[in-house]
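Hello,

Here is the structure I promised to pass on to you. Have a look at it first, and my notes follow underneath.

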Amino acid sequence: MDVSDDGLVLVETAPGVSIETVHAATDAQFSVSPNFAAAGTAAL
C-alpha cells in the first residue's frame, strides 16, 4: 500500500493474493493503483 492525498492505494500483492482477498482481510478503505501488479508479474 501507498498513501496518497486521497487515502490508501493498493499497488502490489504477494503472488496468489487477489485484490478481493485484501478487501476481505481489512476494514480500511483503499483504491487500486492503475499500475497494480501481483508481485512477480510486473513487466521488466
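Accessible areas here come from the Shrake-Rupley method with a 1.4 Å probe. On that basis, the accessible surface of the protein chain comes to about 3400 Å², and 54% of that surface belongs to carbon and sulfur atoms. Please keep in mind that this is a predicted model.

First, the overall layout. The protein chain has one helix and three strands, and along the sequence they follow the pattern β-β-α-β. The chain has 44 residues, of which 16% count as buried. As for contacts between residues at least 6 apart in sequence, 36% of them join residues at least 24 apart.

Two polar residues caught my eye, so here they are in turn.

Thr13 is found in strand S2, which covers residues 7–13. Is Thr13 buried or exposed? Thr13 has a relative accessible area of 7%, and it is buried because that value is under the 20% cut-off. The side chain of Thr13 also has a polar partner: it reaches the backbone oxygen of Val17 at 2.8 Å. If you set aside the neighbours within four places in sequence, Thr13 is in contact with Val22, Phe36, Ala37, Ala38 and Ala39.

Ser33 sits in strand S3, residues 30–38. With a relative accessibility of 11%, Ser33 counts as buried, because buried means under 20%. A polar atom of the Ser33 side chain lies 3.0 Å from the backbone nitrogen of Asn35. Which residues does Ser33 touch, once its neighbours within four places in sequence are left aside? They are Val9, Leu10 and Val11. For Val11 there is also a backbone distance to look at: its C-alpha atom and that of Ser33 are separated by 5.3 Å, although the two residues are 22 apart along the chain.

Now to the surface. Met1, Val3 and Leu8 form a nonpolar patch there, and together they have about 280 Å² of accessible area. Leu8, one of the patch residues, is found in strand S2. Its relative accessibility is 31%, so Leu8 counts as partly exposed, the class between 20% and 50%.

If you open the model, you could begin with Thr13 and its contact to the backbone oxygen of Val17, then go on to Ser33 and Asn35, and finish at the patch of Met1, Val3 and Leu8.

Best wishes

Key. Residues numbered from 1 in each chain as written. Predicted model: local features only at pLDDT ≥ 70, side-chain atom pairs only at ≥ 80, totals over all residues. Heavy atoms only, no water. Helix = DSSP H or I, 4+ residues; strand = E, 2+ residues; numbered from the N terminus. Buried < 20%, exposed > 50% of the residue type's maximum accessible area, 1.4 Å probe, protein only. Polar contact = N/O pair within 3.5 Å; in protein donor to acceptor, adjacent residues only side chain to side chain. Contact = heavy atoms within 4.5 Å. Patch = residues over 30% accessible without salt bridge, like charges linked within 9 Å, V, L, I, M, F, W, Y side chains within 5 Å. Salt bridge = Lys/Arg side-chain N within 4 Å of Asp/Glu carboxyl O.
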